[in-house]
Amino acid sequence: MANNRATKSGFAAEAQRKINAKYSDELAQESLEWVKIILGEEFDVSGDMDNFYEVLRDGQVLCRLVNNLKPGVVKKVNNSQMAFKCMENINAFLEAVKDLGVPAQETFQTVDLWERQNLNSVVICLQSLGRKAGNYGKPSIGPKEADKNERHFSEEKLKAGQTIIGLQMGSNKGATQSGIIMGNTRHM
């Protein structure tokens, strides 16, 4: 757990402060309220880091959440408070959210939650899962996901686009080094 590690100092402490500064109490609270609505369970939904960590740290709530979205996606939820069992729950949740369509870059590592290393990445994962919940007939949170807008161009249009020189790339017209003297001349 978070208190099994030595206190960070120096660069590590500075890096941890930077990570913790990204954490948003409002987004965490919104995520916990959404989890509470999906599960229909009662628990404290305040978004402060301590409460967020305590509610989710053993992974049981997370496993019940994904099983509520897609029944049976997590086969076994461990009720034990032993470290490796809790970490198995968190890992099972992470595998399930990837299966539910959350991109890998929006997930977190098990230690981010279990050792309280990066709770902001846990919030990001829950927000991303919240956007996907609409696909499973559940209430969703956050902005609506964009629909695919695929465009098809004719060969004629594609060839016409190749003849145009885009000025957004800039121009080197008139760019020479003539007249530029850098420093003094060499004396021998």
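Helices are DSSP runs of at least four residues, numbered from the N terminus. The model shown in these views is predicted.

**View 1. Asp58 in the loop between H3 and H4.** Asp58 sits in the loop that joins these two helices. The residue is buried but makes no salt bridge. Arg57 has the nearest side chain of opposite charge, and it is 6.2 Å away. A salt bridge needs the charged atoms within 4 Å, so this pair does not count as one. The side chain of Asp58 does make a polar contact of 3.3 Å with the side chain of Gln81. Leaving out residues up to four places away in sequence, Asp58 touches Gln81, Cys86 and Asn89.

**View 2. Helix H4 and its surroundings.** Helix H4 covers residues 60-69, and 8 of its 10 residues are buried, so the helix is largely enclosed by the rest of the structure. The buried residues are Gln60, Val61, Leu62, Cys63, Leu65, Val66, Asn67 and Leu69. They pack against H2, H3, H5 (83-99), H6 (110-114) and H7.

**View 3. The largest nonpolar core.** This core has 40 residues. Those with the most contacts inside it are Trp34, Phe52, Leu56, Val66, Phe93, Leu113 and Leu129. At least two residues of the core come from each of H2, H3, H4, H5, H6 and H7. In soluble globular proteins, nonpolar side chains tend to be buried together.

**View 4. Contacts of Leu56.** Leu56 is one of the core residues with the most contacts inside the core. Not counting residues up to four places away in sequence, Leu56 touches Leu32, Val61, Leu62, Leu113, Val122 and Leu126. Two of these, Val61 and Leu62, are among the buried residues of H4.

**View 5. The aromatic pair of Tyr23 and Phe52.** The whole structure contains 2 aromatic pairs. In one of them, Tyr23 and Phe52 meet edge-to-face, with 6.0 Å from centre to centre and 65° between the planes. The pair links distant parts of the chain, 29 residues apart: Tyr23 is in the loop between H1 (11-21) and H2 (25-39), while Phe52 is in H3 (residues 49-56). Both Tyr23 and Phe52 are buried.

**View 6. Lys132 in helix H7.** Lys132 belongs to H7, which spans residues 119-132. Its relative accessible area is 13%; buried means under 20%, so Lys132 counts as buried. The side chain of Lys132 reaches the backbone oxygen of Gly101 at 3.2 Å. Beyond residues up to four places away in sequence, Lys132 touches Leu100, Gly101, Val102 and Glu145.

Methods: Residues are numbered from 1 along each chain as its sequence is written. This is a predicted model: local features need pLDDT of at least 70, side-chain atom pairs count only at pLDDT 80 or more; totals for chains, interfaces and linings use all residues. Side-chain values use heavy atoms; hydrogens and water are left out. Rings of Phe, Tyr and Trp (its six-membered ring) pair if their centres lie within 6.5 Å; planes under 30 degrees apart count as stacked, over 60 as edge-to-face and the rest as tilted. Buried means under 20% relative accessible area, exposed over 50%, partly exposed in between (1.4 Å probe, protein chains only). A polar contact is a pair of N or O atoms within 3.5 Å; within protein, one must be able to donate a hydrogen and the other to accept it, and residues adjacent in sequence count only if both atoms are side-chain atoms. Contact means heavy atoms within 4.5 Å. A nonpolar core is a set of buried Ala, Val, Leu, Ile, Met, Phe, Trp, Tyr and Cys residues joined through side-chain atoms within 4.5 Å. Lys and Arg count as positive and Asp and Glu as negative; His and the chain ends are not counted.
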